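Open your viewer and get the selection tool ready. We will move through the model stop by stop, and at each one you will hear what to pick next.

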Number of protein chains: 2
Amino acid sequence: VILTVTLNLALDITYWVDRLNVAGTNRVRDAREQVGGKGVNVARILTALDVPVLATGFCGGAVGRRVAEDLLSSGIEQALVEAEGETRRCVAIVAGDGTVTEVTEPGPEIQETDWNRFLEAWRSLLENRPIRVVVLSGSLPPGLRDDAYAELCADADRRGIPAILDTSGPALTAGLRGRPAVVKPNRAELVEAVGISMDSTAEPAAWLPSLEALRKAGARSVVASFGSDGLVALTGEGAWHAMTPAVEGNPVGAGDAVAAALARGELDAASWPERLVEAAALSCASVAGSTAGTFDPLVFERTLRHVALSELSP
Amino acid sequence: VILTVTLNLALDITYWVDRLNVAGTNRVRDAREQVGGKGVNVARILTALDVPVLATGFCGGAVGRRVAEDLLSSGIEQALVEAEGETRRCVAIVAGDGTVTEVTEPGPEIQETDWNRFLEAWRSLLENRPIRVVVLSGSLPPGLRDDAYAELCADADRRGIPAILDTSGPALTAGLRGRPAVVKPNRAELVEAVGISMDSTAEPAAWLPSLEALRKAGARSVVASFGSDGLVALTGEGAWHAMTPAVEGNPVGAGDAVAAALARGELDAASWPERLVEAAALSCASVAGSTAGTFDPLVFERTLRHVALSELSP
């Protein structure tokens with residue numbers, strides 16, 4: 001089983017309006033709500049790939065109950081932990097011209113008692129359920145210390161369970177100290193973590209020193225996702241660049257598809273070249289999918305045969 | 001007990017942002033949510049006036065549960081009826097410059113079974129609880145026939161319980177056929193209902209033919225609220241204009257304060273001049289209050305002595 005951890009779960013509310021009348025009243029033409037957060041996208045993708053998955057994270061209040069209901073109806077097994085505060089909502093207002101205005105709540109203020117309750121539940125899951133891989137995704141809710149992910153990664157590492165960490169900012173840099181098996185920054189997250197700005201036209205190999213910096217800080221492997229420029233990986237076994245054909249669509253959630261593929265690769269003990277080809281193809285298929293957390297299975301199958309994988313010299 | 005009926009209850013969510021970044025991401029600085037809808041404002045005001053009140057309406061889904069919780073914590077006794085659909089949310093995004101952008105959901109699609117369940121609960125309340133006045137406020141949720149209020153007014157009328165109707169459009173014009181004791185349109189609602197446009201500088205007496213048209217269509221009395229131009233009333237006992245001193249503040253909810261005062265006047269069998277003075281003063285005090293459904297008690301007491309009431313010749 002792959003355990004996905006989404007500490008800052010969200011209820012994603014999408015409103016469609018004809019046009020957004022600022023400083024006026026807008027009647028919603030259509031609305032949809034579903035549980036969101038990067039870890040939930042990973043769980044959805046793994047479920048669609050028939051990989052057994054268990055979702056944990058904080059949920060609180062009436063919004064938290066709605067999130068739990070929606071996970072249930074998505075067929076995702078859950079082991080959520082109650083928080084005192086209220087789960088956050090992320091409202092996206094989509095206008096007729098396609099522009100999206102997002103208004104996001106910060107999330108519940110996590111108390112020390114909430115975190116202790118989470119750690120207890122998490123350790124019980126690692127000990128009593130056949131958890132083979134954990135995926136830790138997204139931002140930390142307010143109130144949690146920056147090293148929350150480090151604590152979870154170290155816990156998993158102590159039990160020989162590989163942890164895939166996909167976050168940004170201080171949660172990423174502090175998280176590296178927990179020795180995650182893989183970290184998956186995108187370009188902006190990598191630049192922020194390493195503090196080196198790079199020309200966006202730089203060759204894939206030019207990024208390797210930045211990836212190496214994250215390995216030196218604690219990550220065993222680093223897979224950086226560069227959108228249409230593919231993936232660059234640096235592992236104990238070598239360095240690679242995986243490039244896919246261009247694809248049209250919505251890039252939101254593509255990074256979560258990469259994390260999902262890397263988690264499945266850990267589960268199957270696949271070789272790094274295999275994992276990277278699958279991650280690149282699933283990322284493309286996610287861009288072609290209708291929303292974050294979905295992918296187009298035909299694009300996935302087709303792209304698997306067209307990923308150009310090249311080994312880099314570190 | 002005054003029974004307030006809010007068929008289209010709402011969860012009002014207010015988000016404060018520094019500035020609204022259209023087509024971008026906005027982090028919420030502060031958020032508040034509370035149950036809303038015009039009838040809830042009436043119930044809040046009556047509760048603050050120490051008048052016993054009971055609130056009914058449809059609630060559904062997770063948002064409906066949140067609405068019920070919030071009514072409970074506001075100390076308002078409730079007799080809500082479950083609907084299949086989900087209670088609507090009204091999101092107000094307040095920017096640092098004070099502009100408010102509202103995004104409102106339409107409300108649950110009311111099924112015939114929902115409506116029958118409501119009618120049964122409503123009739124049971126009228127028969128088994130000491131309901132002395134009913135106040136019917138706001139828009140009808142989708143799926144309900146325009147004459148829903150007419151049915152409720154006729155029910156109340158049959159039992160000798162006066163109904164105060166505060167709505168607009170087809171729900172108002174169809175509702176008149178139920179012979180409500182009082183209808184309380186504002187200027188725009190009156191113009192829409194009667195189909196006569198008036199010069200906004202018209203003398204109060206010039207509006208009396210429009211009020212008379214609503215009486216001919218079924219209303220026993222009409223109290224029209226004209227904002228800073230005061231109230232104009234046409235009843236079986238005469239016609240009046242109640243004028244108050246100017247007051248600074250937020251006019252949202254002032255009409256609900258008028259409806260609350262008229263309901264209390266019915267309960268106390270106060271004379272029309274007494275009711276109108278109280279309604280005008282409470283309306284001013286509501287404008288001076290912090291939000292819709294609240295009023296400033298000092299402004300209320302002071303304004304009671306400064307309402308200029310003049311009798312009009314119909």
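The tour below starts where the two chains meet and then moves into chain B.

This is a predicted model, in which local features need pLDDT of at least 70 and side-chain atom pairs count only at pLDDT 80 or more, while totals for chains, interfaces and linings use all residues. Residues are numbered from 1 along each chain as its sequence is written, chains are lettered from A and ligands numbered from 1 in the order in which they are written, and side-chain values use heavy atoms, with hydrogens and water left out.

**Stop 1: the interface**

Colour the two chains separately and look at where they touch. The contact (heavy atoms within 4.5 Å) takes 28 residues from chain A and 29 residues from chain B. Together the chains bury about 2300 Å², 52% of it on carbon and sulfur atoms; buried area here is the accessible area (1.4 Å probe) that two parts lose on being put together, summed over both. Now select A:Y15, A:R89 and A:V103: these lose the most area to chain B in chain A, together 20% of what that side buries.

Keep A:R89 on screen and add B:E33. Their side chains meet in a salt bridge at 2.5 Å, N to O, where the term stands for a side-chain nitrogen of Lys or Arg within 4 Å of a carboxyl oxygen of Asp or Glu. The count between the two chains is 4 salt bridges.

Next, select strand 9 (100-104) of chain A. Strand 9 gives the most to the side of chain A that touches chain B, with 5 residues. Helices (H or I, at least four residues) and strands (E, at least two) are DSSP runs, numbered from the N terminus. Which strand of chain B does strand 9 of chain A join? Show strand 3 (residues 25-27) of chain B: 3 bridges link the two, and they run parallel. Two strands pair if DSSP finds at least two bridges between them. Zoom in on A:T104, which stands opposite B:R27.

**Stop 2: two residues in chain B helices**

Go to B:G64 in helix 2 (residues 61-73) of chain B. B:G64 counts as buried because its relative accessibility is 0%; buried means under 20% relative accessible area, exposed over 50%, partly exposed in between (1.4 Å probe, protein chains only). Leaving aside residues up to four places away in sequence, B:G64 touches B:C59 and B:T87.

Then jump to B:R264 in helix 8 (residues 254-267) of chain B. Is B:R264 buried or exposed? With a relative accessible area of 17%, B:R264 is buried. Beyond residues up to four places away in sequence, its contacts include B:I2, B:L46 and B:F300.

**Stop 3: strand 13 of chain B**

Finally, select residues 221-225 of chain B. All 5 of the 5 residues of this strand 13 are buried, so the strand is largely enclosed by the rest of the structure. In a regular strand the side chains alternate between the two faces of the sheet. Here B:S221, B:V223 and B:S225 point one way, and B:V222 and B:A224 the other way.

Add strand 12 (residues 182-183) of chain B, which runs parallel to strand 13 with 2 bridges; B:V182 stands opposite B:S221. Then show strand 14 (residues 231-235) of chain B, joined to strand 13 by 4 bridges and running antiparallel. B:S225 stands opposite B:L231 here. Strands 13 and 14 of chain B form a hairpin with 5 residues between them, and B:G227 in the turn has a positive phi of about 60°.
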